[in-house]
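Colleague: Thanks for sharing this one. Could you walk me through it, starting with the charged pairs?

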Amino acid sequence: MLSVLLTTVFAVNAQRVSFGVRGGLNVSSVSVSLEEMKGISPEVDYGMGMHVGGIVDISLEDVLSGFYVQPGLYYSLNRSKVKGSEGDKKNKFHYFKLPLLLSYRFPLLEEVRLHFNLGPYFAYGFSGEISVNGMVMDVFKESRAIHIFSFGSEFFNGKDVKLLKRFDTGIAFGTGVNIDRVYVGLGYEIGIFNTANISKFTYKNRNFFLSFGYDF
């Protein structure tokens, strides 16, 4: 009797939880400002990167019809370019990202469902660099920054600094569609945490993403 009950509980839970893989394109930017520039932000160009990872779908159908909770884990490469008087600063940041999304879904056709997703993301930068005029700075470690990000001032004065914090968090939102088990989605991530590790300086991530996936 106990074995039948456990089998039934496991089968019900299995129906509520599923897994999927995701991968695709990032089109990233940064929001940068320096107090010395009186709030004026430098011009920033978007750069192309990528992401790959997996998700878990947890159905809330018993409580809220059409709603799911979707945690995920991704590797994400964000690239961008900040223009400055000393030359263009090329950013290349590598993150592990953990989004935690609330997803609402409704059927369009028999095998087609439309998704609307919203929730926070948390990220950890394990590698990152800014390069300009052949000079490269590791942004997550203390390194010599001689005018690499000074926008025409002697802000760093050649000191060893750690430019950015490794941790980032923000809001992610987007939409997507499932055609049977195949997924296609678009979204945007807005960093709300100032990742700059020095005073009078703000640095926030921005990222559009296009994802393709398969749900098991």
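Colleague: How many salt bridges are there by your rule?
Modeller: Happy to help, and please keep in mind that this is a predicted model. Side chains of opposite charge can pair when their charged atoms come close. Taking a Lys or Arg nitrogen within 4 Å of an Asp or Glu carboxyl oxygen as the rule, the count comes to eight.

Colleague: How many residues apart in sequence are the parts that Arg 22 and Asp 215 tie together?
Modeller: These two side chains meet in a salt bridge, with 2.9 Å from N to O, and both residues are buried. Because Arg 22 sits in strand E1 and Asp 215 in strand E11, the pair ties together parts whose separation in sequence is 193 residues.

Colleague: Is Arg 105, the partner of Asp 57, buried or exposed?
Modeller: The side chains of Asp 57 and Arg 105 form a salt bridge at 2.7 Å, N to O. Asp 57 belongs to strand E2 (residues 44-59) and Arg 105 to strand E4, so this pair joins parts 48 residues apart in sequence. Asp 57 has 4% relative accessibility and counts as buried. The cut-off is under 20%, and with a relative accessible area of 5%, Arg 105 is therefore buried.

Colleague: Which residue pairs with Glu 129 in a salt bridge?
Modeller: Glu 129 is in strand E5 and its partner is in strand E4, 37 residues apart. Glu 129 is partly exposed at 27% relative accessible area, and the partner is also partly exposed, at 26%. The closest N and O atoms are 4.0 Å apart, and the partner is Lys 92.

Colleague: Which residues are joined into one network by salt bridges that share partners?
Modeller: Here the link is made through shared partners, in salt bridges. The network's members are Glu 43, Asp 45 and Lys 83.

Colleague: Turning to the nonpolar side, which residues of the largest core touch the most other members?
Modeller: In soluble globular proteins, nonpolar side chains tend to be buried together. The largest nonpolar core here has 21 residues, and strands E1 (17-34), E4 (89-109), E5 (112-132) and E11 (201-215) each supply at least two of them. The members with the most contacts to others are Phe 93, Val 139, Leu 163, Leu 164, Phe 201 and Tyr 203.

Colleague: What is the volume of the largest cavity?
Modeller: The whole structure holds two cavities of 30 Å³ or more. The largest has 24 lining residues, with Tyr 74, Pro 99, Leu 101, Phe 209 and Ser 211 closest to its centre. By class, its lining has ten nonpolar, eleven polar and three charged residues. Its volume is about 340 Å³.

Colleague: And which strand gives the most to the lining of the second largest cavity?
Modeller: That cavity has a volume of about 40 Å³, and its lining includes Tyr 95, Asp 168, Glu 189 and Arg 206. The lining divides into two nonpolar, three polar and four charged residues. E4 and E11 each supply at least two residues, and the top contributor, with three, is E11.

Colleague: One last backbone point: what is the phi of Asp 180 near?
Modeller: Most residues other than glycine have a negative phi, and most peptide bonds are trans. Asp 180 lies in the loop between strand E9 (167-179) and strand E10 (182-191), and this residue is exposed, with a relative accessible area of 52%. Its phi is positive, near 60°.

Technical notes. Residues are numbered from 1 along each chain as its sequence is written. This is a predicted model: local features need pLDDT of at least 70, side-chain atom pairs count only at pLDDT 80 or more; totals for chains, interfaces and linings use all residues. Side-chain values use heavy atoms; hydrogens and water are left out. Helices (H or I, at least four residues) and strands (E, at least two) are DSSP runs, numbered from the N terminus. Buried means under 20% relative accessible area, exposed over 50%, partly exposed in between (1.4 Å probe, protein chains only). A nonpolar core is a set of buried Ala, Val, Leu, Ile, Met, Phe, Trp, Tyr and Cys residues joined through side-chain atoms within 4.5 Å. On a 1 Å grid over the protein atoms alone, a cavity is a set of points where a 1.4 Å probe fits but cannot get out, and a pocket is an open set with protein on both sides within 12 Å along at least five of seven lines; lining residues have an atom within 4 Å of a point. Grid points are joined across faces, edges and corners, and a volume is the space filled by probe spheres set on the points. Ala, Val, Leu, Ile, Met, Phe, Trp, Tyr, Cys and Pro count as nonpolar, Asp, Glu, Lys and Arg as charged, and the others, Gly among them, as polar.
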